[in-house]
Amino acid sequence: MASAELAQKLQRRLLRDGSYSESEPPPEKDENEAGVALGDAAAMGSEASNGDSDQDRSAVSAAADPELSAKLSRRQDINAGTARPRFAQIFNPYTEFKEFTRRQIKDMERLFRLYDSGKDGYIDLMELKLMMEKLGAPQTHLGLKTMIKEVDEDFDGKLSFREFLLIFHKAAAGELEEDSGLMALAKLSEIDVALEGVKGARNFFEAKVQALSSASKFEAEIKAEQDERKREEEERKHRRAAFRELKSAFSQ
């Protein structure tokens with residue numbers, strides 16, 4: 001089909017130049033010349049296509065928000081054959097996060113599985129939303145995306161168990177903002193690394209300790225009231241006993 005179109009173009013060109021009349025057949029080109037012409041045409045089409053592709057790619061990159069930029073660049077590198085391969089690695093939380101004990105990591109794993117309602121090994125945005133609501137620190141949609149983005153190393157828009165552990169790692173290292181959603185998650189969870197002497201844990205769990213202190217104070221007040229009632233009851237018993245003894249002495 002391309003050869004026929006090329007032959008028609010050559011014929012029109014020769015008619016325009018007056019090299020031969022319409023009654024005369026166009027000069028035949030040998031196979032080599034036709035192949036060269038066809039190759040040149042294909043090369044020109046390829047260059048034009050590549051130029052259009054580069055322009056489209058630039059336009060898409062400019063329009064994409066920063067969150068998608070890394071994904072788009074990665075996809076372009078894959079299409080161009082220049083992407084670096086990603087090798088699968090076996091993740092061992094006990095060797096990578098040595099600052100935590102096995103019990104702490106088990107507690108984190110239980111918490112992760114509790115909110116991984118899809119049972120796919122990830123906590124997505126909606127599952128994180130539910131988690132923060134259950135912990136008593138609901139977040140906006142933008143806030144949830146910001147939380148994921150801060151530890152989302154593979155740009156998949158959800159939290160793996162390793163990325164979930166990074167939340168506590170960053171919190172213990174003092175790398176999270178005090179009023180951030182991730183810090184709220186770490187503080188409100190039931191995982192207490194302060195008891196294990198982790199470096200930097202004292203500052204990390206300061207707010208949680210204060211909350212526990214408030215709860216302990218409330219419990220102490222209740223216990224004091226209970227002790228006071230017991231003491232008053234004992235005094236009443238002693239008074240009744242003394243009254244019975246006095247009554248018995250007068251009756252004799």
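## Core contacts, ring pairs and salt bridges in a predicted model

Met131 touches Leu111, Tyr115, Ile123, Phe164 and Leu185, when residues up to four places away in sequence are not counted. The model is a predicted one, and the values given here are computed from it.

Met131 is also one of the residues with the most contacts inside the largest nonpolar core, a set of 33 residues in which Leu128, Met132, Phe164, Phe168 and Leu185 are likewise named for their contacts. The elements that give two or more residues to this core are helix 5, helix 6 (125-134), helix 7 (141-151), helix 8 and helix 9. Helix 8 supplies the largest share, with 7 residues.

Helix 9 (residues 181-188), one of these contributing elements, is mostly covered, since 7 of its 8 residues are buried. The buried residues are Gly181, Leu182, Met183, Ala184, Leu185, Ala186 and Lys187, and within this group Leu185 is the residue that Met131 touches.

**The chain as a whole**

The protein chain has 11 helices and 2 strands, and read along the sequence these follow the pattern α-α-α-α-α-β-α-α-β-α-α-α-α. Of the 252 residues, 22% count as buried. The chain exposes about 18,200 Å², of which carbon and sulfur atoms supply 53%. Among the contacts with a separation of 6 or more, 46% are between residues 24 or more positions apart.

**Aromatic rings**

A search of the whole structure finds 5 aromatic pairs. One of them joins Phe91 and Phe161 in an edge-to-face arrangement, with 6.3 Å from centre to centre and 65° between the planes. Phe91 lies in the loop between helix 3 (66-80) and helix 4 (93-96), whereas Phe161 belongs to helix 8 (residues 161-172), so the pair ties together parts that are 70 residues apart in sequence. The two partners fall into separate classes of accessibility: Phe91 is partly exposed, with a relative accessible area of 29%, while Phe161, at 15%, counts as buried.

Ring pairs also link Phe91 and Phe161 with Phe97, Phe112, Phe164 and Phe168 into a cluster. Two members of this cluster, Phe164 and Phe168, appear among the residues with the most contacts inside the largest nonpolar core, and Phe164 is in addition touched by Met131.

Charged side chains also lie over aromatic rings in this model. Arg102 lies over the face of Tyr94, at 4.1 Å from the ring centre, and Lys158 lies over the face of Tyr122, at 4.3 Å from the ring centre.

**Salt bridges**

How many salt bridges does the structure hold? There are 12 in the structure, and the table lists some of them with the distance between the closest N and O atoms.

| Acidic residue | Basic residue | Closest N and O atoms |
|---|---|---|
| Asp107 | Arg103 | 3.2 Å |
| Glu228 | Arg231 | 2.2 Å |
| Glu233 | Arg240 | 3.8 Å |

Asp107 and Arg103 are 4 residues apart in helix 5 (residues 102-115), and are therefore separated by about one helical turn. Glu228 and Arg231 are likewise separated by about one helical turn, because they are 3 residues apart in helix 11 (residues 206-251). An α-helix has 3.6 residues a turn, so residues three or four places apart point the same way.

Which of the partners Asp107 and Arg103 is buried, and which is partly exposed? Asp107 is buried, with a relative accessible area of 18%, whereas Arg103, at 44% relative accessibility, counts as partly exposed. In the bridge of helix 11, Glu228 is partly exposed at 32%, and Arg231 is partly exposed at 39%. For the remaining bridge in the table, the relative accessible area of Glu233 is 31%, which makes this residue partly exposed, and that of Arg240 is 41%, again in the partly exposed class. Elsewhere, salt bridges that share partners join Glu96, Glu153 and Arg162 into one network.

Methods. Residues are numbered from 1 along each chain as its sequence is written. This is a predicted model: local features need pLDDT of at least 70, side-chain atom pairs count only at pLDDT 80 or more; totals for chains, interfaces and linings use all residues. Side-chain values use heavy atoms; hydrogens and water are left out. Rings of Phe, Tyr and Trp (its six-membered ring) pair if their centres lie within 6.5 Å; planes under 30 degrees apart count as stacked, over 60 as edge-to-face and the rest as tilted. Buried means under 20% relative accessible area, exposed over 50%, partly exposed in between (1.4 Å probe, protein chains only). A charge sits over a ring if NZ of Lys or CZ of Arg is within 6 Å of the ring centre and within 35 degrees of the ring normal. Contact means heavy atoms within 4.5 Å. Accessible areas come from the Shrake-Rupley method with a 1.4 Å probe; for residues, only the protein chains shown count as cover. A salt bridge is a side-chain nitrogen of Lys or Arg within 4 Å of a carboxyl oxygen of Asp or Glu. A nonpolar core is a set of buried Ala, Val, Leu, Ile, Met, Phe, Trp, Tyr and Cys residues joined through side-chain atoms within 4.5 Å.
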